[in-house]
Amino acid sequence: MSEAKFNQLVLKVKRIDNQVDLAKLKEAFLFAQKAHLGQKRLSGADFIDHGLNTALILSDWLIDEDLLIAGLLHDAVEDGQVTSQQLEKKFGKTVTRLVMGVTKVRGLKFRGSNQEVFVENLRKLIITMAKDLRVVLVRLADRWDNLQTLYVHSPEKQARKAKETLEVYAPLADRLGMTEIKSFLEDLSFIYLQPEEYQKTVDLAIKFLKKAEVDLKQTKRQLLSALAKKSVSAQISARTKGVYSLFNKLSREEVNWDLEKVHDLVALRVIVENIEDCYATLGIVHQLFKPVPSLGVSDFVAQPKPNGYQSIHAKVFALKRVIEVQIRTEEMHQEAEWGIAAHWHYVQKKGKEISDEKIERGFSVPDEKINWVRELVAWQKEVVDSKEFLSSLKLDALRKRIFIFSPQGDVYDLPLGATPVDFAYAVHSDLGNNCQGARVDGQWVSLDYQLKSGQAVEIIKAKKRKPSRDWLDFVVTKRARDKLKKITS
Ligand code: MN
């Protein structure tokens with residue numbers, strides 16, 4: 001059985017990338033098999049199957065020789081009979097670093113620990129990730145496979161793993177732009193944590209989807225033929241919202257379990273060849289279906305989200321319902337589904353090795369798109385007191401975020417409740433220190449105004465103005481608080 005699984009992996013790798021040394025991959029498989037000889041999982045399967053599953057999941061995200069080998073061998077040191085020296089001799093430094101990184105990260109407990117430990121462990125996870133994102137990819141694939149066999153464990157372990165997944169790993173996947181994985185991790189955890197709510201949500205969605213199916217098919221046909229008439233070649237598919245994310249939406253007060261108010265339960269995803277076609281498609285969509293004025297269009301092509309997400313979202317009336325049409329190129333699609341993994345090769349080709357010292361200083365993360373990692377790493381350096389780090393993290397990192405635009409169109413990722421002063425300090429300390437007034441989307445607001453996602457904020461600078469200590473009453477970011485404390489004390 002293990003051999004069959006390994007052959008499946010080989011077939012997939014062959015199909016996608018011929019640069020991978022298949023003999024070496026085979027060697028890794030035999031090595032892992034030996035390391036876990038005689039070990040069984042609680043489900044009764046051979047232990048090596050878990051390594052193979054992990055590598056198979058990884059091969060969906062990214063074909064990278066060292067990554068796949070590390071996936072195969074990720075438990076070989078911790079659970080198998082292998083030392084890191086043996087591993088390095090056989091497979092080299094990179095694979096060993098990845099495996100040891102995963103082993104280290106695996107030891108981090110998030111549930112059942114007190115909050116300080118939670119945050120300290122989260123910090124370690126982030127640092128490890130900043131060193132090599134592939135460690136986190138292996139960890140996410142590992143968790144994915146473990147969730148699939150979670151049913152064999154005790155209810156306590158199920159709850160602990162599911163909670164940890166919802167609190168740490170799903171948000172992490174989300175921040176890396178790995179939407180597909182995020183949604184999978186959420187849904188599988190949700191089943192264990194709130195089985196009744198899960199069932200209730202699924203039942204409701206299925207009833208609705210059965211009714212909507214015919215409409216959707218017809219809408220899709222209409223759109224395809226309209227696009228063809230204008231010579232836009234496109235692929236259209238329907239995607240359904242994840243169960244957990246649907247549950248969250250249904251639970252909102254203003255929705256109150258009314259599915260008619262969930263406009264993105266089903267979205268039509270239109271994949272076109274280039275950016276010009278994205279906008280041409282938007283025009284065609286609006287000729288065919290009436291836009292919903294209050295919901296309108298979100299253009300994340302011109303203004304990508306901070307995690308790199310790009311697409312045009314248009315809400316329209318199609319037949320009897322409001323549906324969302326998501327328009328994007330194939331490249332944007334790959335990145336939306338697989339996030340950071342989609343452009344790892346590009347990062348890797350630049351060949352930047354990051355030294356530990358650089359990471360300690362908090363400034364070097366392989367990809368400038370994931371600002372938040374860089375921010376977290378920088379913060380942890382500043383923080384002396386771990387309690388303070390905890391409250392800042394709770395405020396800044398784990399809560400919902402909003403995206404604010406500067407007049408130049410730069411995107412800033414701020415916590416919910418952030419004010420113009422928080423924004424000013426996020427841009428630059430000078431701007432914070434000299435902040436006198438703010439305009440939001442062209443309108444004057446007070447400095448304690450709570451910003452909303454998508455707003456453009458312009459800060460009016462005073463020539464000479466000391467910031468006020470009163471601002472401490474309303475700022476929510478750690479950066480603003482620290483700077484204010486310093487300058488007003
Ligand atoms: Mn594992």
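1. Start with Glu-324: at a relative accessible area of 4%, this residue is buried. Its salt-bridge partner is Lys-315, with N and O 2.9 Å apart. Lys-315 is buried as well, at 17% relative accessible area, which sits under the 20% cut-off for that label. Keep in mind throughout that this is a predicted model.

2. That pair belongs to a longer list, since the structure holds 14 salt bridges. One of them joins Lys-249 to Asp-264, where the closest N and O atoms are 3.4 Å apart. Lys-249 is part of helix 11 (residues 243–250), while Asp-264 sits in the loop between helix 11 and strand 2 (266–272), so the bridge ties together parts 15 residues apart in sequence. Asp-264 has a relative accessible area of 12% and is buried. Have a look at Lys-241 here too: Lys-241, Lys-249 and Asp-264 are linked in a network of salt bridges.

3. Helix 20 (residues 478–488) has a salt bridge of its own, with Lys-478 and Asp-482 four residues apart, or about one helical turn. The closest N and O atoms of this pair are 2.5 Å apart. Are the two partners buried or partly exposed? Lys-478 counts as buried, at 3% relative accessibility, whereas Asp-482 is partly exposed, with a relative accessible area of 24%.

4. Now the metal site. The manganese ion takes its protein donors from His-50 (NE2), His-74 (NE2), Asp-75 (OD) and Asp-142 (OD), at 2.2 to 2.4 Å. Along the chain, the donors follow the spacing H-x23-H-D-x66-D. Asp-75 is in the loop between helix 4 (65–73) and helix 5 (84–106), and Asp-142 is in helix 7 (residues 133–148), so this pair ties together parts that are 67 residues apart in sequence. Both aspartates are buried: Asp-75 has 4% relative accessibility, and Asp-142 has 1%.

5. While you're at the manganese site, check Thr-54 in helix 3 (residues 48–61). Thr-54 counts as buried, at 0% relative accessibility. Where does the side chain of Thr-54 reach? It comes to 2.7 Å from the backbone oxygen of His-50, and His-50 is one of the manganese donors. Leaving aside residues up to four places away in sequence, Thr-54 touches Gly-71, His-74, Val-138, Ala-141 and Asp-142. Two of those names, His-74 and Asp-142, come back from the donor list.

6. Last, the sheet. It is an open one of three strands, in the order 10-9-11, with antiparallel pairing. Strand 10 (443–445) and strand 11 (457–461) are at the edges with a single partner strand each, so one side of each has no neighbour in the sheet. From one strand to the next, the twist averages 35°. Strand 9 (residues 435–440) is joined to strand 10 by three bridges, and Ala-438 has Val-445 in strand 10 as its bridge partner. Helix 18 (residues 420–427) packs on this sheet and touches strand 9, strand 10 and strand 11. The direction of helix 18 makes about 80° with that of strand 11.

How values were computed: Residues are numbered from 1 along each chain as its sequence is written. This is a predicted model: local features need pLDDT of at least 70, side-chain atom pairs count only at pLDDT 80 or more; totals for chains, interfaces and linings use all residues. Side-chain values use heavy atoms; hydrogens and water are left out. Two strands pair if DSSP finds at least two bridges between them. Helices (H or I, at least four residues) and strands (E, at least two) are DSSP runs, numbered from the N terminus. Axes are lines fitted to C-alpha atoms, for helices over the stretch in contact, and angles run from 0 to 180 degrees between N-to-C directions. Contact means heavy atoms within 4.5 Å. Donors are N, O and S atoms within 2.8 Å of the metal (3.2 Å for Na, K and Ca); water is not among the atoms, so sites may look incomplete. Buried means under 20% relative accessible area, exposed over 50%, partly exposed in between (1.4 Å probe, protein chains only). A salt bridge is a side-chain nitrogen of Lys or Arg within 4 Å of a carboxyl oxygen of Asp or Glu. A polar contact is a pair of N or O atoms within 3.5 Å; within protein, one must be able to donate a hydrogen and the other to accept it, and residues adjacent in sequence count only if both atoms are side-chain atoms.
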